[in-house]
Amino acid sequence: MFKKLRFILLLGVTLFSSVKMALPSCEKNELSIISNGFNVIFDVEIANTPAKRAKGLMYREFLGIKNGMLFIYDKPRQLVFWMKNTPLSLDIIFFDKNGLIRSIYENAEPFSDKQIFGGIDLIGAIEINGGQTSQLGIAVGDSIQTSSLDNKTALWPCTK
């Protein structure tokens with residue numbers, strides 16, 4: 001019982017340490033999500049070419065707690081993902097050109113060929129560990145900040 005309680009407390013401290021007060025984060029491989037007055041910062045790999053997008057997180061067996069993959073496109077489009085060859089459960093956060101989170105698919109099933117429809121008129125998506133959106137309180141209507149968005153249209157532009 002004590003070991004389980006200690007593990008839960010350690011996990012809570014680790015997750016809380018990844019939540020900071022809202023500050024700009026415009027480093028190339030950082031992505032911030034503003035939710036409930038807090039800024040959650042993730043270190044992301046950027047999938048911005050067809051080859052990188054096609055591979056995504058396939059074959060990955062581990063993804064750090066504050067890590068993810070950012071899929072970014074040149075123009076808004078319909079986004080559909082799947083979990084083929086992906087052994088991790090993931091949350092997929094879909095957003096528009098303004099950085100507004102439009103839909104979230106939680107706990108995508110590993111290795112599934114099921115199509116995950118994110119929506120239309122989207123510019124990108126972020127994949128993070130399954131269950132993290134709920135744990136961190138990330139919801140539809142929250143916004144993201146990344147140097148990959150156009151500052152002219154972003155709700156939360158980068159200030160460099």
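Trainee: How many helices and strands does the protein chain have?

Mentor: This is a predicted model, in which local features need pLDDT of at least 70 and side-chain atom pairs count only at pLDDT 80 or more, while totals for chains, interfaces and linings use all residues. Residues are numbered from 1 along each chain as its sequence is written, and side-chain values use heavy atoms, with hydrogens and water left out. Helices (H or I, at least four residues) and strands (E, at least two) are DSSP runs numbered from the N terminus. In the protein chain the elements run α-β-β-β-α-β-β-β-β-α-β from the N terminus on, which gives three helices and eight strands.

Trainee: What percentage of the 160 residues in the protein chain is buried?

Mentor: Buried means under 20% relative accessible area, exposed means over 50%, and partly exposed lies in between (1.4 Å probe, protein chains only). By that cut-off, the buried share of the 160 residues is 44%.

Trainee: Which strand supplies the largest share of the largest nonpolar core?

Mentor: A nonpolar core is a set of buried Ala, Val, Leu, Ile, Met, Phe, Trp, Tyr and Cys residues joined through side-chain atoms within 4.5 Å. The largest one has 19 residues, and L31, I33, F42, L70, F95, I126 and I144 touch the most other members. At least two residues each come from β2 (30-35), β3 (38-47), β4, β5 (90-95) and β7 (116-129). The largest share, four residues, belongs to β3.

Trainee: How many residues are in the other core that lies apart from it?

Mentor: In soluble globular proteins, nonpolar side chains tend to be buried together. Here the other core includes A47, L63, I92 and L122, and its residue count is 17.

Trainee: How many residues apart in sequence are the parts tied together by C26 and C158?

Mentor: A disulfide is a pair of cysteine sulfur atoms within 2.5 Å, and C26 and C158 form one with S to S at 2.2 Å. C26 lies in the loop between β1 (19-21) and β2, whereas C158 lies in the segment after β8 (143-145). The pair therefore ties together parts of the chain whose separation in residues is 132.

Trainee: Is that disulfide between C26 and C158 left-handed or right-handed?

Mentor: Both ends are buried: C26 has a relative accessible area of 10%, and C158 is at 10% relative accessibility. The torsion about the S-S bond is about -105 degrees, so the disulfide is left-handed.

Trainee: Which side chain meets R60 in a salt bridge?

Mentor: A salt bridge is a side-chain nitrogen of Lys or Arg within 4 Å of a carboxyl oxygen of Asp or Glu. The N to O distance for R60 and its partner is 2.8 Å. R60 lies in the loop between α2 (50-55) and β4, and the partner lies in strand β3, 15 residues apart. That partner is E45.

Trainee: In the salt bridge of R102 and D96, is D96 buried or exposed?

Mentor: The R102 and D96 side chains meet at 3.7 Å, N to O. R102 counts as partly exposed because its relative accessibility is 34%. D96 has a relative accessible area of 8%, so D96 is buried.

Trainee: Which residues does W82 touch, not counting those up to four places away in sequence?

Mentor: W82 lies in the loop between β4 and β5 and is partly exposed, with a relative accessible area of 40%. Contact means heavy atoms within 4.5 Å. On that basis, W82 touches M58, S112, D113 and K114.
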